[in-house]
Structure formats: C-alpha cells, structure tokens
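Me: Please take a close look at a single helix and the turn that follows it. I should also like to see how that part sits within the whole chain.

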Amino acid sequence: MMKIPMNDLSRPYRDNQTVFDTILTKVGASGYYLGGPYGKAFSREFAEYVGMPHCLLVGNGTDALELALRAAGVEAGDHVVTVANAGGYTTTACRLIGAVPVYADIDADTLLMDMDDAASLVDPNVKAVVATHLYGAVADVEALRAKLAAQGKACPIIIEDCAQAHGASLRGQMAGSFGDLATFSFYPTKNLGAFGDGGAVLCRDEAVMERLSRLHQYGWNTRYNVAVPFGRNSRMDEIQAAVLSARLPKLEDANGARRAVIEAYAAAAPSCVVFPKRPDQVPSAHLAVVMVEDRNGFRAHLAEREVGTDIHYPVLDCDQAGWRDLPQVCGQLPSSRRCSERIVSLPCFPELTQEEISIVAEALAAYTP
Ligand SMILES: Cc1ncc(COP(=O)(O)O)c(C=O)c1O
C-alpha cells in the first residue's frame, strides 16, 4: 500500500534542484552571507507582494512576533489579546516580554478568533491584539475594528500572525495588509518555506520600522552603539533570502495546488467530517484540518490505509504545563476546547500527486463513524 506522508520536503528540492544548487554557488561567490543583496531584494519583493511599505527579515516567525510586540510598545505586564488554539507561538513571544496573554475564544465554524469575544476583552490594559490567520484562513481584523468602534473603545495595535497565510486573501485583500504590523514564518513546511528558519515583520509606520531594525540587531542604532534596551540578534541568512526570492513567484500556484487538495477531500468526505468555513476568502490552505467526533477512530481508519494525520494543535496555550505558573487571562473558551478535541490534519502540500490525493479522498469516502 502507498504511504501518504503529511509532508515531503525532498519533493520541492527535487523539482527545482538546479535553481537551489545555483543559489548556494551565487551566495558563496558574493562573499555576503548575511546583510547582503539577496536579503535586501527579498525584503523589497515581499513587502510589495503583501502590500505593506516596510519589511524586516528576521531569524524565524517567533522572533518576528516578539519583535513586533516590542516594536508596538508592549512591555512587561501589558495585556495582549490572542487565541489559545494557535500553537503557542504568540504566547511564547508574550512570555519572553513578560506580557500577559488574554485568550479570546474562537468561532467554531472557522476556528479563527471570535471577534465579538475579542472586542469584549479589550480594555485599557490591552496594548495589542495578535490575530492568527490559522491554517491559512484570514481572521477578520476589520470586523474587530468595527466592533470596537461600535462599543466606543479605542483599538489597540493589531498584529496579524501570517505564519500560515502567505498569499491568503479576504475580500480581495492580502493577509498581512490589514493590521498595523504583520509577522511571517518561512519555516520549511510553510506555504513559502526556506531551507531552514526564517521570518519577517512587516509594518506601515516608519518609526515602528526604525524600532524593529534596532531591536533585531542588539538594540544598535549605529554599529556597537546600543540605543534601545531588549535588542537581540535575529537576522535572515542570504541563502534563505535567495531561496525565498526564487520561490515567491511560484507561491500563487502552490497555494492553488493546496486548495485543490482540500477541495478534493471535501468533495469525497461524508458529512460527519466537517471542514471549517472560509467565507469571503481565498485561503492559503496551509493545512487541511477537519473536525470529527471520534477522532481516534477516524485517525485509526486513515492509518490502516497508510494515510498520515496529525493534530494542530493538541494542547491549548492556557493548558500548557510549562506556563501554568505564569499570569494569563482566560475564560471558559468553550469553542476552543470543543474544537481542539475534534480537529485532525490531513496530508496537504503542493507536490502531492493525483494518485495520492485520490487515495486520501477514497479513504475519507470510506469512513463511517
Ligand atoms: C501560526 C504560527 N505562528 C508562528 C509560528 C512560529 O514560526 P517559527 O517556527 O518560524 O518560529 C508558526 C510556525 O511554526 C505558526 O504556525
């Protein structure tokens, strides 16, 4: 029986081996391994692609979140509204700063932040909202702004976590261009993936960009002169930037291939396998997540047919053992809890073959609870 993996990163390399091998040669010959022309070019190209004026390339998506929060003025003790079902990356960034995560519940149909709940949690302690475009679907931050305005509340800084949403759009507008800042990860399995770690912060405001560029290199304003506290070292290698530049023009097609995978699964699956709703969107289809009542039975059924599955994510941030003794603001989160017990991720990457997609679709069609 053919094994269907959750991902296989040897395939995109194999499909474009000459391009990638040439990058190593070119970067090596340039003599710049960091801070050179490839990084400058990719930050320009990516800012233009997303539709934001400024882009800073950093070491990874978690650094991007931490730097974005700091550049937005979030300090120890400040509150940050986010969700508890998005893998813990925003909470990790908050913990590094000493900021307090405030967990909004999710909408059970979309698995994204429930904007009514988020708006109700905004108070003067809240400095920022991090909206995660989870699984490649765009959380509606404009709806949040409208709800806050209707309640007469000032809108905190909005940061979009686009680590799973490169190229996704809502009502025709690109993910990453709605908020004050946007963060991206280029982890190898992402829709736009590097050959290792990478990340980016995009922003609208020049002063915020200035703060970001200091914070990502030791707090320096000029070499060896520290102008702001809490600086760190978080940079992107030239090799990663060159790989990302080569892959960016192919992102739209790759996202289309991911969407086709999910459409094929949705067409084949019985109604007890529930796909999240994606209203007004062209999602990046980062992960094919479904919900089922008997998750263990469903996974066993697929495993028997050699179809890989995973759970993104098995533990809500508010329940993580390592953060138990740290402050958080958290209600009952009924939808987050109920959905986190039912979610299952199916294989979804652009290089899946038609035969593999059909095998997964047939396995879904054959599922009876
Ligand atoms: C939603 C989300 N945010 C942030 C991150 C963090 O990115 P990185 O792994 O590059 O630190 C990831 C991925 O890992 C992610 O999926």
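Reply: Gly 98 lies just after α5 and takes a positive phi of about 90 degrees. The model is predicted, so local features need pLDDT of at least 70 and side-chain atom pairs count only at pLDDT 80 or more, while totals for chains, interfaces and linings use all residues. Residues are numbered from 1 along each chain as its sequence is written, and side-chain values use heavy atoms, leaving out hydrogens and water.

Helix α5 itself covers residues 89–97; helices (H or I, at least four residues) and strands (E, at least two) are DSSP runs, numbered from the N terminus. Its buried residues are Thr 90, Thr 91, Ala 93, Cys 94, Arg 95 and Ile 97, where buried means under 20% relative accessible area, exposed over 50% and partly exposed in between, with a 1.4 Å probe and protein chains only. An α-helix has 3.6 residues a turn, so residues three or four places apart point the same way.

The buried residues of α5 pack against one helix, α4 (61–71), and against the strands β2 (79–83), β3 (100–104), β4 (126–132) and β5 (157–161). Contact here means heavy atoms within 4.5 Å.

A second site is His 54, found in strand β1, residues 54–58. His 54 counts as buried because its relative accessibility is 18%. Leaving aside residues up to four places away in sequence, His 54 touches Ala 47, Val 201, Leu 202, Cys 203, Arg 204, Asp 205, Glu 206 and Met 209.

On the scale of the whole protein chain, there are 13 helices and 15 strands. The radius of gyration is 21 Å, close to the 21 Å that the globule rule gives for 369 residues, so the chain is as compact as a globular protein of that length; this radius is taken over C-alpha atoms, and the rule is 2.2 Å times the number of residues to the power 0.38. The C-alpha trace spans about 65 × 55 × 40 Å along its principal axes. Buried residues make up 52% of the 369 residues. Of the contacts between residues at least 6 apart in sequence, 71% join residues at least 24 apart.

The domain assignment gives domain 1 (10–248) and domain 2 (250–365), with bounds that come from an automatic or database domain assignment. The contact between them takes 47 residues from domain 1 and 42 residues from domain 2. Taken over C-alpha atoms, the centres of domain 1 and domain 2 are separated by 23 Å.
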